[in-house]
Amino acid sequence: MSRIVGIDLGTTNSLVAAVDTGIPFVIADADGQRLTPSVVHFPATDAVPVIGRAANRMRVVRPTETIYSVKRFMGRRGADIAAEEMLVTYPVKGQGTGSVTMQLHGRDFTPEEISAEVLKKLKADAESALGESVTRAVITVPAYFNDAQRSATKRAGELAGLTVERILNEPTAAALAYGLDRLNEQSKVAVYDLGGGTFDLSILELHGGVFQVLATNGNTRLGGDDLDKCVVEFLVSKIKEAGGPDLNAAGMPEAERLPMLARIREMAEAAKIRLSTEEAVEIALPFLTSVFSFSHRFTRVELETLTRDIIERTRAHCLRALADAKFDSSQLDQVILVGGQTRMPLVRRLVTEWFGCVEFEEVRGDLRLGTEYHRAKGPLLNTSQNPDEAVALGAAIQAAILSGEFKNLLLLDVTPLSLGLETFGGLMNVIIPRNSTIPTKAGEVFTTAVDHQKDMLIHVLQGERERARDNWSLGKFTIEFERAPRGVARVGVQFEIDANGILHVLVRDIKTGKQTVVQMKSAVDVADAEVQRMVEESVEHAFEDLASRRWIEAALRARETSAATRKALSDWAHELESDYRTKIEGAVGAVEAALATEDAMKQTGDLNQLKSATTELDAVTKPLAEFIMDKAMETMLRQRGAIE
């Protein structure tokens, strides 16, 4: 078996790492560079693509033929792509439920194909450095990547010739790299991961060498790219003020506009990086046009003013993760920073403020000593690792765990959103609750709601709302069975989330044993803004949703009771006294009248009328039920010959 490597497939940069004699290290390429820009340049049709630093240099020269930040499009559909995400310098195509593609030289490339090119280079670099074939890998993804995005990442690895042994959450990988397994028992750690295109906040706890993710929250469309975009927009406005071209003008040809935007973006990113260690930088764009050159002294204060709102958007995710984990920041032992964007001084200041951290430039010696020192003052802001490399190193450690090099260490992730099925009445029945530790499996047995059903529609849902229509559909399929009266057929449904966070659904007809297993590869992409909205709305509409569920459940029971009573009256009317029939009909009418007020009842949440009418109908029909039971028993005994 070949060695398993760890790969951080990033929005801006990607890395490959391995473990040698118990020490994880990032593998450098032939030029001694450990970071490979996640950029692919296609010089012409069928030509060998250029990858990494050489491709990154082509972003300015050939902007329409050079693809970058493709991770933002992984596993997503055209309808889910926001307009601002289309403002890249290469052509992006995506509409409706179709996948997103990049069109170059008359051919459509998928995000998986582009990512596979980056992975091929990392694979080749690893093979060159290690002197052996590399065919197995652990690849990391943001914790808030949904099933479609995880599956797309796995496909990219397979296209690159790799067997993907595990899809690992980036914050969890970072915790391994920071050596947090050496902390005291039950230590609690927050991982703040702000990269080029994504943000995650995860809360982990250590139990006997087992890392358990207690909660995770984040945004897969928030990162350093958004800060770059703010700086680009600022520079574009300054260029116009200085008498230069208006790059937002509708009539400007793309052939002129895109190369200029590419140059501005390159300078914006470089200036942002330098301002992490400098107070001011000079941005110079000589001969932006043949008659116009531009320069501007850009300060850290300006950068922080432009980008503060974006960074502060991460605070809400931090608070939600803490709330989901059911404790506050004072109970944390450490906050670790991951992702190149966390080098920014403003990010470190805000994280220190939000979590009440004690900041150390470097953690030395035994981490337990640091924990004991700061325990009374607040969590330690741990910046001891290179934030660009921590995720790749953690992936390499996870690879070593899988291959048996490291023992007595285990990672347990969680699923960030609940998974369930639509049930009769349009409600969501949760099978696997949000923040369940994965890998995991759970199941329930369901029955039919209509007489003589011949099949059952399985509608898989993801979300936090009570009604199915308010959640996201992951897919639908049908299982067939023999026709039977309502409630007779039994169907077992089992959900299993594997170690990669991918959902498998098993449905079995219990009578015949016939079963169907579906891997939800084509899951509807859940844009992170929508995930955030789902969590917020689940809280905002909690009382309304609960009232709806109570009404639907009560209405289902009332309709069932009313229908059963009507049928009994029809079957046995000739044997019931007239006054009793009238009394039953009046009680049924009261239930049906209450059901007719459904819309009003949903708005007020008042179930008293319906509940009272149903309770009265139960009481009135009790003698009828006893009479029918006696008749049924008499018939059964007669059939057995017990009576003449």
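These legends describe close-up views of a predicted model.

**View 1. Strand β18 is mostly covered and pairs with β13 and β20**. β18 spans residues 334-338, and five of its five residues are buried. Gln334, Ile336 and Val338 point one way from the strand. Val335 and Leu337 point the other way. β13 (residues 188-194) pairs with β18 in the parallel sense, over five bridges. In that pairing, Val191 stands opposite Ile336. Strand β20 (residues 380-382) also pairs with β18 in the parallel sense, here over three bridges. Gln334 of β18 stands opposite Leu380 of β20.

**View 2. The largest pocket holds about 1,100 Å³ of space**. Its lining counts 45 residues. Closest to the pocket centre are Thr12, Asn13, Glu269, Ile273 and Asp388. Four elements give two or more residues each to the lining: β2 (13-20), α1 (53-61), α5 (224-241) and α6 (254-274). The largest share comes from α6, with seven residues.

**View 3. Arg343 and Asp388 meet in a salt bridge**. Their side chains come to 2.7 Å, N to O. Arg343 lies in the loop between β18 and α8 (345-355). Asp388 lies in the loop between β20 and α10 (390-403). The pair therefore ties together parts that are 45 residues apart in sequence. Arg343 is partly exposed, at 36% relative accessible area. Asp388 is also one of the residues closest to the centre of the largest pocket.

**View 4. Salt bridges involve Lys238 and Glu241, and Lys240 and Asp246**. Glu241 and Lys238 both lie in helix α5. They are three residues apart, about one turn of the helix. Their side chains meet at 3.9 Å, N to O. Glu241 counts as exposed because its relative accessible area is 62%, and the cut-off is over 50%. Lys238 is partly exposed, at 26%. The salt bridge between Lys240 and Asp246 has an N to O distance of 3.6 Å. Lys240 is partly exposed at 48% relative accessibility. Asp246 is partly exposed at 26%. A search of the whole structure finds 26 salt bridges.

**View 5. β8, β9 and β10 form an open sheet of three strands**. The order is β8-β9-β10, with antiparallel pairing. β8 (92-93) and β10 stand at the edges. Each has a single partner strand, so one side of each is left without a neighbour in the sheet. Three bridges join β9 to β10. Gln103 has Asp108 of β10 as its bridge partner. The loop between β9 (101-104) and β10 (107-109) holds His105. The phi of His105 is near 55°, a positive value in a residue other than glycine. His105 is partly exposed, with a relative accessible area of 32%.

**View 6. Phe287 has a positive phi although it is not a glycine**. The angle is about 50°. Phe287 is found in strand β16 (residues 280-289). At 61% relative accessibility, Phe287 counts as exposed.

**View 7. Met633, Met636 and Leu637 make a nonpolar surface patch**. The patch area is about 220 Å². Met636 is found in helix α16 (residues 622-639). Met636 is partly exposed, with a relative accessible area of 31%.

Terms used
Residues are numbered from 1 along each chain as its sequence is written. This is a predicted model: local features need pLDDT of at least 70, side-chain atom pairs count only at pLDDT 80 or more; totals for chains, interfaces and linings use all residues. Side-chain values use heavy atoms; hydrogens and water are left out. Patches are made of residues with over 30% relative accessible area and no salt bridge: like charges are joined within 9 Å, nonpolar side chains (Val, Leu, Ile, Met, Phe, Trp, Tyr) within 5 Å. Accessible areas come from the Shrake-Rupley method with a 1.4 Å probe; for residues, only the protein chains shown count as cover. A salt bridge is a side-chain nitrogen of Lys or Arg within 4 Å of a carboxyl oxygen of Asp or Glu. Buried means under 20% relative accessible area, exposed over 50%, partly exposed in between (1.4 Å probe, protein chains only). Two strands pair if DSSP finds at least two bridges between them. On a 1 Å grid over the protein atoms alone, a cavity is a set of points where a 1.4 Å probe fits but cannot get out, and a pocket is an open set with protein on both sides within 12 Å along at least five of seven lines; lining residues have an atom within 4 Å of a point. Grid points are joined across faces, edges and corners, and a volume is the space filled by probe spheres set on the points.
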